[in-house]
Amino acid sequence: PNITAPLIAIHIIYITMKLALSLLALVASANAFAPATSGVVTRSVALNGKPAASKEEDLELTTKIILDYVQAQNDEAGIDDSDDEE
């Protein structure tokens, strides 16, 4: 009788189970490092404290915040031309 066929089948089942458990462990460990997302939606808020009413308003508010920040950085830095020759 051929006894190697059952041994090969058992070996294949063993390897398949080991691979499945390894993949399960990998997915479980990856979930541990995933950011928590519980349906939180972040939106720009106008100066009056209310969220934007639409995507377009949200984009406008975000753009305004960024441009105001850049302008403030430029105003603070200024340009020092005291070393320039006349």
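Two exercises on a predicted model follow, each with a worked solution. Residues are numbered from 1 along each chain as its sequence is written, and side-chain values use heavy atoms, without hydrogens and water. Because the model is predicted, local features need pLDDT of at least 70 and side-chain atom pairs count only at pLDDT 80 or more, whereas totals for chains, interfaces and linings use all residues.

**Exercise 1.** Find the salt bridge of the structure, and state where its two residues lie in helix α2.

Solution. The structure holds one salt bridge, a term for a side-chain nitrogen of Lys or Arg within 4 Å of a carboxyl oxygen of Asp or Glu. The partners are K64 and D68, whose side chains meet at 2.7 Å, N to O. Both belong to helix α2 (residues 55-77), where they are four residues apart and therefore separated by about one helical turn. Helices here are DSSP runs (H or I, at least four residues), as strands are (E, at least two), numbered from the N terminus. K64 is partly exposed, at 46% relative accessible area, and D68 is partly exposed too, at 40%; buried means under 20%, exposed over 50%, and partly exposed in between (1.4 Å probe, protein chains only).

**Exercise 2.** Describe the nonpolar surface patch that includes L23.

Solution. L19, L23 and L26 make a patch of about 310 Å²; patches consist of residues with over 30% relative accessible area and no salt bridge, with like charges joined within 9 Å and nonpolar side chains (Val, Leu, Ile, Met, Phe, Trp, Tyr) within 5 Å. L23 lies in helix α1 (residues 4-32) and is partly exposed, at 48% relative accessible area.

Note on methods
Areas by Shrake-Rupley, 256 points an atom, 1.4 Å probe, with all protein chains shown as cover.
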